[in-house]
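Thanks for making time. I will walk through one structure, beginning with how some of its helices pack and then turning to a strand pair and a few loops.

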Amino acid sequence: MIELVKPDEKAQSNEVLVARQPICAANQKTLGYELLFRSSLENRAIIGDPDMATAQVIVNSFMEIGLDKIVGPSLAFINVTREFILGNNCRSLPSDRVVFEILEDTIPDLELMNALTALSGAGYRFALDDYAFGMQTRPLIPFCDYVKVDLRAVQRANVEDQLRSLLNVKLLAEKVETLEEYDFCKRVGFDYFQGYYFSKPNIIHGTKIPTNKISVFRLLAKLRDPEVSPRDLEGIVAEDISLSYKLLRYINSAYLGLKKKVESVGHAVRMVGTEHIRLLASLIMLTSMDGKPRELVVLSLVRAKMCELLAMRLGLPNHDTYFTVGLFSALDAFLDCSMNDAVDKLPLSDEIKRALIQRAGPLGEVLQTVLSYEHLDADPRMIKLDSSSMRKAYVESVCWGDQLMTTLAA
């Protein structure tokens, strides 16, 4: 069991937990990420204005972390309160990198409208969050570049007609959870989509999982085996001519800067090492999954790295196994089947299978911690790490995953 500890309140007093959720276009390319925050501040009497205190924590967090680390070249969508806007906090962040989301309960009074006029004139962009086609927040729409509609809060039968009343703004559907909802939103005219649709399986009962997908993950499972030898690794990669070609092309690229041309997988293993080949081959195979969004691959990589980092910081053995559990945590979405069916077809240890299906054992507990942090729907400080360590592990994993994908694309 991972030991549970009570957080050090003093140590947490100026920290903030941050996670992200992608916002994708119809072609599944990433527009940006909504940044999710939860402050560890306690709202006690010594804090005169909780909203402003939290706002300052968020601003300080960006100064420490840096936008590039958490969203790369994409836009950062940030929920802000009326007090955040009136407190002139928006100007602390670069106008070309952020979109501020105005909350649905915001009252559009004259003071706020004047502030939005000034900020819009300075190049800042806004989105109206959770718009339900009511009249209260409609006066804010002229200041917004995006209008976000919560799919769970509207009548789907009326949405298409209601969207026609929104002119000169980009339409963004929130809480898109399934492929069916994603297709519906595209059909009625939404420009962008946010939710967990890309990380959930499209289960069609009575159909078989395509053999090519199973073979990809069988190879992945073998690659992630910590006992695999260089000779075994060479044989695994050689099973797939396309994989061998892509791997050699990448290794011979200018990025690695090798002075000698690499002509075989065996030579590549000797030149750059088993772990590097294992990682590159895994990434190439994941990105070869037809019909799956790039963000699903990124999500798997971030989870894998964060599981590995948490295991290292908790002093747990077999870090590679934690990486594997994180990497396969979206296996059901890749294969469009239940997780039970997915792991049943792969050569995974019982320990890994229990972690993926039941969240059982040390592997499962670390994976569950990563998933909880991803959604910020549970207190990740309850494992034997403080919130600063959790946040750093997440940001490091995001940077690592994004950089890896960018490098491979280049």
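In this predicted model, start with helix H13, residues 294-313, and helix H14, residues 319-327: their axes come within 7 Å and cross at roughly 150°. An angle over 145 degrees counts as roughly antiparallel, and H13 and H14 are therefore roughly antiparallel to each other. The crossing of this pair, H13 and H14, is right-handed.

Which residues meet between H13 and H14? From H13 there are Ser300, Leu301, Arg303, Ala304, Lys305, Cys307, Glu308, Ala311 and Met312. On the H14 side they meet His319, Asp320, Tyr322, Phe323, Gly326 and Leu327.

Stay with H14, since two further helices pack against it. One is H17, residues 350-358, whose axis is 10 Å from that of H14, at an angle of about 40°. H14 and H17 are therefore oblique to each other, and their crossing is right-handed. Thr321, Thr324 and Val325 of H14 make this contact with Ile352, Ala355 and Leu356 of H17.

The other is H18, residues 361-375. Its axis and that of H14 come within 10 Å and cross at roughly 55°. That makes H14 oblique to H18. H14 passes H18 in a right-handed crossing as well. Here Thr321, Tyr322, Val325 and Gly326 of H14 meet Pro362, Leu363, Val366 and Leu367 of H18.

If you compare the lists, Thr321 and Val325 of H14 appear in the contact with H17 and again in the contact with H18. Tyr322 and Gly326 of H14 appear in the contact with H13 and again in the contact with H18. As a general point, an α-helix has 3.6 residues a turn, so residues three or four places apart point the same way.

One more helix before the strands. In H11, residues 265-272, the buried residues include Val265, Gly266, His267, Ala268 and Val269. After H11 comes Gly273, with a positive phi near 100°.

Now the strands. Is strand S3, residues 75-80, largely enclosed or largely open? Five of its six residues are buried, so S3 is largely enclosed by the rest of the structure. S3 pairs with strand S4, residues 98-102, in the parallel sense, over five bridges. Within that pairing, Val80 stands opposite Ile102 in S4.

Next, the loop between strand S5, residues 125-128, and strand S6, residues 146-150, where Thr137 is found. Is Thr137 buried or exposed? Its relative accessibility is 8%, and the cut-off for buried is under 20%, so Thr137 counts as buried. What does Thr137 touch, leaving aside neighbours within four places in sequence? Its contacts are Glu104, Thr106, Leu128 and Tyr131.

Phe133 sits in this loop between S5 and S6 too. At 15% relative accessibility, Phe133 counts as buried. Its phi is near 65°, a positive value, and Phe133 is not a glycine. For background, most residues other than glycine have a negative phi.

A second case is Lys175, with a positive phi of about 60°, again in a residue that is not a glycine. Lys175 lies in the loop between strand S7, residues 170-174, and helix H7. Unlike Phe133, which counts as buried, Lys175 counts as partly exposed, at 41% relative accessibility.

That loop leads to H7, residues 179-188, which contains Leu179. Leu179 is partly exposed, with a relative accessible area of 36%. How far is Leu179 from Tyr196? They are 17 residues apart in sequence, and their C-alpha atoms are 9.6 Å apart in space.

To finish, the chain as a whole. There are 19 helices and eight strands. The chain has 410 residues, and 51% of them count as buried. Among contacts between residues at least 6 apart in sequence, 66% join residues at least 24 apart. The chain exposes about 19100 Å², and carbon and sulfur atoms supply 50% of that area.

If you want one place to look again, take H14: it is roughly antiparallel to H13, oblique to H17 and oblique to H18.

Terms used:
Residues numbered from 1 in each chain as written. Predicted model: local features only at pLDDT ≥ 70, side-chain atom pairs only at ≥ 80, totals over all residues. Heavy atoms only, no water. Helix = DSSP H or I, 4+ residues; strand = E, 2+ residues; numbered from the N terminus. Buried < 20%, exposed > 50% of the residue type's maximum accessible area, 1.4 Å probe, protein only. Contact = heavy atoms within 4.5 Å. Areas by Shrake-Rupley, 256 points an atom, 1.4 Å probe, with all protein chains shown as cover. Pairing = 2+ DSSP bridges. Axes fitted to C-alpha atoms, helices over the stretch in contact; angles between N-to-C directions. Parallel < 35°, antiparallel > 145°, perpendicular 65-115°, else oblique. Left-handed = near helix turned anticlockwise from the far one by under 90°.
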